[in-house]
Amino acid sequence: MNTNTKYLGIDIESPIVAGSCGLTNDIENLKKLESAGAGAIVIKSVFEEQIIYDIKHSLNVMAPTDNYGMSYEYIAAHVADDSLKKHFDLISEAKKALHIPIIGSINCYSFENWMTYTKRFQDAGCDALELNLAILPYETSTSYEDVDRLFSDIINTLKKSVSIPVSIKVGTNFTDMANFMQRISWMGIDGITMFNKPINVDIDVDTLQLKHAPSLSSPDEIYNTLRWIAILSKKVRCDISASTGVHTAEDVVKLLLAGAGTVQVVSCLYKNGVEYMRNLNEGLRAWMEGKGYESLNDFKGKLAVKQGEQASLFFRTQFMKHFAQI
Ligand SMILES: Cc1cc2nc3c(=O)[nH]c(=O)nc-3n(C[C@H](O)[C@H](O)[C@H](O)COP(=O)(O)O)c2cc1C
């Protein structure tokens, strides 16, 4: 019995992947995750804001009152390079020390600023690139056509700039979720990670200030992931990696049954330590053994919505069963 599979065209030995987060920004954690059986690791993202902040901060420290004139662009490029260098050094070090695939990650909000960096990920040795495009269209002037155009411009340009596989990590805020996911899967990307969990905003009623809501997911958050993966896994033309709400080996099994190719974990590693990756792998193997399954293909997608089958099985039907005993 084995848990071998392919993700983004790359052979991996487990479908359980360490998702992008602060834990994957440290070489010792990366080694521990590999020895605990992670199939692949998505490195902490480079955030566009992080680069811009580093540039501004360094310019202020150097000469707060100066107006840099023509030298600004030169200094900014140099500082950005330095900030990114640490990131790419980690990727190179990970590639030397580990055997499992290392997936670079970019989290961007504009089209212009980051495209120049993508090639650097490939040059640093990344096996693939995950682009976190959890864009929230918060301007009333932004239409769904604008969002559509932004995604397709980004995907088309990205595919031209790198030759390594590319996956897109998306949020859940789309007018036409099913149709949109299918459309982006036809644009030549290798995978979709469903879903990013954005940092939510909360309000402190004592100080009347905004604060960030808890960043870790709760186990209940798996249900939205499960529903959409079951609905879409047989309708998209690329790999699906599940993300958000995976806390146990049983959760991993459920998402594979729904048709995910791989399952990413983050919050459960924060809660239980990176070694918890081992428990997840052991749990998956134990379940497969109990069911007599020899490989992931024996059960992957068994409970996905099949062609011609009603997707309402994952929505209205359950509602009717629960509330109206129909
Ligand atoms: C502390 C923390 C840092 C994160 N950093 C990133 C990041 O740099 N890039 C990214 O794409 N996602 C990031 N995420 C989101 C996770 O990759 C993941 O999509 C999300 O936490 C949902 O998965 P989970 O339920 O397993 O936590 C972060 C999540 C947490 C909790």
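Here are three short exercises, each with a worked solution, on the predicted model above.

**Exercise 1: the helix α6**

Find which residues of α6 are buried, and work out how they are arranged around the helix axis.

*Solution.* Start by locating α6, which covers residues 177–185. Next, apply the cut-off: a residue is buried if 20 or more other C-beta atoms lie within 10 Å of its own. In α6, Met 181, Ile 184 and Ser 185 are buried. Now look down the axis of α6: the buried residues fall within an arc of 105°, so they line one face of the helix. A general rule helps here: an α-helix has 3.6 residues a turn, so residues three or four places apart point the same way. Finally, ask what lies over these buried residues; the cover includes α5 (144–161), β8 (166–170), β9 (191–194) and α7 (222–232).

**Exercise 2: the hairpin**

Describe how β10 and β11 are joined, and look at the turn between them.

*Solution.* First, place the strands: β10 spans residues 201–204 and β11 spans residues 209–212. They run antiparallel, with 4 bridges between them. As one point of reference, Asp 204 stands opposite Gln 209 in β11. Then move to the turn: 4 residues separate the strands of this hairpin, and Leu 208 there has a positive phi of about 55°.

**Exercise 3: the ligand shell**

Identify the residues that come nearest to the ligand, and sort the shell by character.

*Solution.* Begin with the 22 residues around the ligand; Ser 20, Ser 45, Ser 217, Val 266 and Ser 267 come nearest. Then sort the shell, which gives 5 nonpolar, 14 polar and 3 charged residues.

Conventions
Residues numbered from 1 in each chain as written. Predicted model: local features only at pLDDT ≥ 70, side-chain atom pairs only at ≥ 80, totals over all residues. Near = placed C-beta within 6 Å. Nonpolar A, V, L, I, M, F, W, Y, C, P; charged D, E, K, R; others polar. Buried ≥ 20, exposed ≤ 12 C-beta atoms within 10 Å, placed from the backbone. Helix = DSSP H or I, 4+ residues; strand = E, 2+ residues; numbered from the N terminus. Arc of directions from axis to C-beta. Contact = placed C-beta atoms within 7 Å. Pairing = 2+ DSSP bridges.
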